[in-house]
Amino acid sequence: MKIIMLGAPGAGKGTQAKMISDKYGIPHISTGDIFRANIKNGTELGKKAKTYMDQGLLVPDELVVDLVVDRVAQDDCEKGYVLDGFPRTIPQAEALDAALAKLGSKVDYAVNVEVPDENIITRMSGRRACVSCGATYHIVHIPTKVEGICDRCGAKLILRDDDKPETVKKRLAVYHEQTQPLIDYYTKQNVLVEVDGTKDMEEVFAAICNILGE
Ligand code: AMP
């Protein structure tokens, strides 16, 4: 099952992607996580990506397409995967389709997690990320056992630069301009499905499982 998660930044697609990955036993591939890992490790890719990410801009297509195309061709992706944060532009979607066609494969579902912009800004200012392992939480919806400390590894939590309100507004504008056209793109391919992302996490997940099947 090859799944793409669509939705505005902060719509909860990362959380849902992790849950899908666990339930269906397919890898969760998050381009945002890949960039953040590269930033943490001080790689050239990380340095280049950071300048865009900190401003709420998309990293150029040429820095992301090959990375994903190589990843989905790996053995653990044979049964499927859930792509989170990719594609984000029409050229990325076209490059993915072309690469999948070469592998004799195609996207099965593009799941659009719908949340109005008003909800997004409030939600994202409550997000917290671990400086060490990258785990994400929310001060209201997914609190840690000890405030400000990661449940998983004990390191400090921060509000990521790209989750700060000014950056979120910029990211939403970029989303509407560059990523929203993908909704039409996947509608035309008959693979688009929509869920109401304003509901709580478990309800959204139940709606997605209902669509994907057991
Ligand atoms: P995310 O964690 O998916 O919200 O991604 C965080 C940031 O990484 C985005 O705001 C972009 O700057 C960058 N990024 C992640 N995925 C992509 C992509 N497919 N294309 C371009 N930039 C991306």
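Is Ser105 buried or exposed? In this predicted model, Ser105 is buried, because its relative accessible area of 19% falls under the 20% cut-off. The residue sits in the loop that runs between helix α5 (90–102) and strand β4 (109–114). From this loop, the side chain of Ser105 makes a polar contact of 3.4 Å with the side chain of Lys2.

The ligand site comes next. A shell of 16 residues surrounds the ligand, and the closest of them are Thr31, Leu57, Gly85, Arg88 and Arg171. By class, this shell holds seven nonpolar, four polar and five charged residues. Helix α2 (residues 31–40) gives the largest share of the shell, with four residues. Several polar atoms of the protein can be placed against the ligand. For Val59, a backbone N or O atom lies 3.0 Å from a ligand nitrogen atom. For Arg88, a polar side-chain atom lies 2.9 Å from a nitrogen atom of the ligand. For Arg171, a polar side-chain atom is found 2.6 Å from an oxygen atom of the ligand. The ligand exposes 480 Å² when taken alone, and the protein buries 95% of that area.

Arg171 deserves a second look, since this residue can be followed from the ligand into the protein. Arg171 belongs to helix α7 (residues 165–179). With a relative accessible area of 13%, Arg171 is under the 20% limit and therefore counts as buried. Besides its place beside the ligand oxygen atom, the Arg171 side chain has a polar contact of 3.3 Å with the side chain of Asp163.

The backbone offers two details for readers who like to inspect the chain itself. Phe86 and Pro87 are joined by a cis peptide bond, with omega at about -5°. Pro87 is placed in the loop between β3 (81–84) and α5. The other detail concerns Asn190, which has a positive phi of about 60° although it is not a glycine. Asn190 lies in the loop that connects α8 (181–188) and β8 (192–196). What is the accessibility class of Asn190? Asn190 is exposed, because its relative accessibility of 72% is over the 50% cut-off.

A further site for inspection is the second largest pocket, which has about 260 Å³ of space. Its lining is made up of Thr15, Lys18, Met19, Asp22, Ala135, Thr136, Tyr137, Ile142, Arg152 and Met201. Sorted by class, the lining has five nonpolar, two polar and three charged residues. Helix α1 (13–24) and strand β6 (136–138) each supply at least two of the lining residues. The largest share, four residues, comes from α1.

Strand β4 holds two residues that can be read side by side. Val113 is in this strand, and so is Ala110. Val113 has a relative accessible area of 2% and is therefore buried, the limit being 20%. Ala110 also counts as buried, because its relative accessibility is 0%. Where do these strand residues stand relative to distant parts of the chain? The C-alpha atoms of Val113 and Lys13 are separated by 6.5 Å, although the two residues are 100 residues apart along the chain. For Ala110 and Ile26, which are 84 residues apart along the chain, the separation between C-alpha atoms is 15 Å.

Helix α6 (residues 117–125) contains Ile120. This residue is buried, because its relative accessible area is 0%. From C-alpha to C-alpha, Ile120 and Lys169 are 9.2 Å apart in space, with their positions 49 residues apart in sequence counted as the distance along the chain.

Terms used
Residues numbered from 1 in each chain as written. Predicted model: local features only at pLDDT ≥ 70, side-chain atom pairs only at ≥ 80, totals over all residues. Heavy atoms only, no water. Near = heavy atom within 4 Å. Polar contact = N/O pair within 3.5 Å; in protein donor to acceptor, adjacent residues only side chain to side chain. Areas by Shrake-Rupley, 256 points an atom, 1.4 Å probe, with all protein chains shown as cover. Nonpolar A, V, L, I, M, F, W, Y, C, P; charged D, E, K, R; others polar. 1 Å grid on protein atoms, 1.4 Å probe; cavity = no way out; pocket = protein on both sides within 12 Å on 5 of 7 lines; lining within 4 Å. Points joined across faces, edges and corners; volume = space filled by probe spheres on them. Buried < 20%, exposed > 50% of the residue type's maximum accessible area, 1.4 Å probe, protein only.
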